[in-house]
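Visitor: Could you take me on a close look at one part of this protein? I am new to reading structures, so please go step by step.

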Amino acid sequence: MRRSMAKLELYRKFTNSLAVSVVLSIAWIGYELYFNASDPSSEPWEIAWIIPAFWNLLSFALLIVICILWAPTRNPTRYTL
């Protein structure tokens, strides 16, 4: 029973991190639409690099979350059946 609860807690944390990334993605898409619609001539080119950089940062953050959640532990049988 403890092993199932440990797995459930691990998957719950991962699900929460995925949900946060989806919310951030939707918010960022809204910002991109506003940014592109408000300035069709691309005058603020100084900050335009942020738009594609966000997606790299978001994927890197998800990779870090996965590395933290599934890091090797002293008790590797904690999640086995």
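Guide: Happy to! Let us start with tyrosine 34, which is found in helix α1, a helix that runs over residues 2-38. Keep in mind that this is a predicted model. Is tyrosine 34 buried or exposed? Its relative accessibility is 57%, and the cut-off for exposed is over 50%, so tyrosine 34 counts as exposed. Tyrosine 34 also has company on the outside: together with Tyr31, Ile47, Trp49 and Ile50 it forms a nonpolar patch on the surface. The accessible area of this patch is about 530 Å². For the protein as a whole, the accessible surface comes to about 6,600 Å², and 70% of that belongs to carbon and sulfur atoms.

Now follow one member of the patch to another group. Tyr31 is part of an aromatic cluster with Trp28, Phe54 and Trp55. Let us look at two rings of that cluster. Phenylalanine 54 and tryptophan 55 have ring centres 5.1 Å apart and planes at 75 degrees; planes over 60 degrees apart count as edge-to-face, so this pair is edge-to-face. How covered are the two residues? Phenylalanine 54 has a relative accessible area of 16%, so it is buried, while tryptophan 55, at 30% relative accessibility, counts as partly exposed.

Phenylalanine 54 leads us inward. The largest nonpolar core has 5 residues in all: Trp28, Phe35, Ile51, Phe54 and Leu58. Both helices take part, as α1 and α2 each supply at least two residues of this core. Which helix gives the most? That is α2, with 3 residues. As background, nonpolar side chains in soluble globular proteins tend to be buried together. In this protein, 19% of the 81 residues count as buried.

Serine 25 is another buried residue to visit. Serine 25 sits in helix α1, and with a relative accessible area of 16% it is buried. Which residues does serine 25 touch, if we set aside its neighbours within four places in sequence? The answer is Trp55 and Leu58, and you have met both: Trp55 in the aromatic cluster and Leu58 in the nonpolar core.

Next, let us move along helix α1 to another aromatic pair. The count for the protein comes to 5 aromatic pairs. In one of them, the rings of phenylalanine 14 and tryptophan 70 have their centres 5.2 Å apart and their planes at 75 degrees, so they too make an edge-to-face pair. Phenylalanine 14 lies in helix α1, whereas tryptophan 70 is in the segment after α2 (50-69), so this pair ties together parts that are 56 residues apart in sequence. Tryptophan 70 has 40% relative accessibility and so counts as partly exposed. Links across the sequence also show in the overall numbers: among contacts with a separation of 6 or more, 74% are between residues 24 or more positions apart.

Our last stop is a charged pair. The structure holds 1 salt bridge, formed by glutamate 9 and lysine 13, whose closest N and O atoms are 3.3 Å apart. Both residues lie in helix α1, 4 residues apart, which is about one turn of the helix. Glutamate 9 counts as partly exposed at 44% relative accessibility, and lysine 13, also at 44%, counts as partly exposed.

Methods. Residues are numbered from 1 along each chain as its sequence is written. This is a predicted model: local features need pLDDT of at least 70, side-chain atom pairs count only at pLDDT 80 or more; totals for chains, interfaces and linings use all residues. Side-chain values use heavy atoms; hydrogens and water are left out. Buried means under 20% relative accessible area, exposed over 50%, partly exposed in between (1.4 Å probe, protein chains only). Contact means heavy atoms within 4.5 Å. Accessible areas come from the Shrake-Rupley method with a 1.4 Å probe; for residues, only the protein chains shown count as cover. Patches are made of residues with over 30% relative accessible area and no salt bridge: like charges are joined within 9 Å, nonpolar side chains (Val, Leu, Ile, Met, Phe, Trp, Tyr) within 5 Å. A salt bridge is a side-chain nitrogen of Lys or Arg within 4 Å of a carboxyl oxygen of Asp or Glu. Rings of Phe, Tyr and Trp (its six-membered ring) pair if their centres lie within 6.5 Å; planes under 30 degrees apart count as stacked, over 60 as edge-to-face and the rest as tilted. A nonpolar core is a set of buried Ala, Val, Leu, Ile, Met, Phe, Trp, Tyr and Cys residues joined through side-chain atoms within 4.5 Å.
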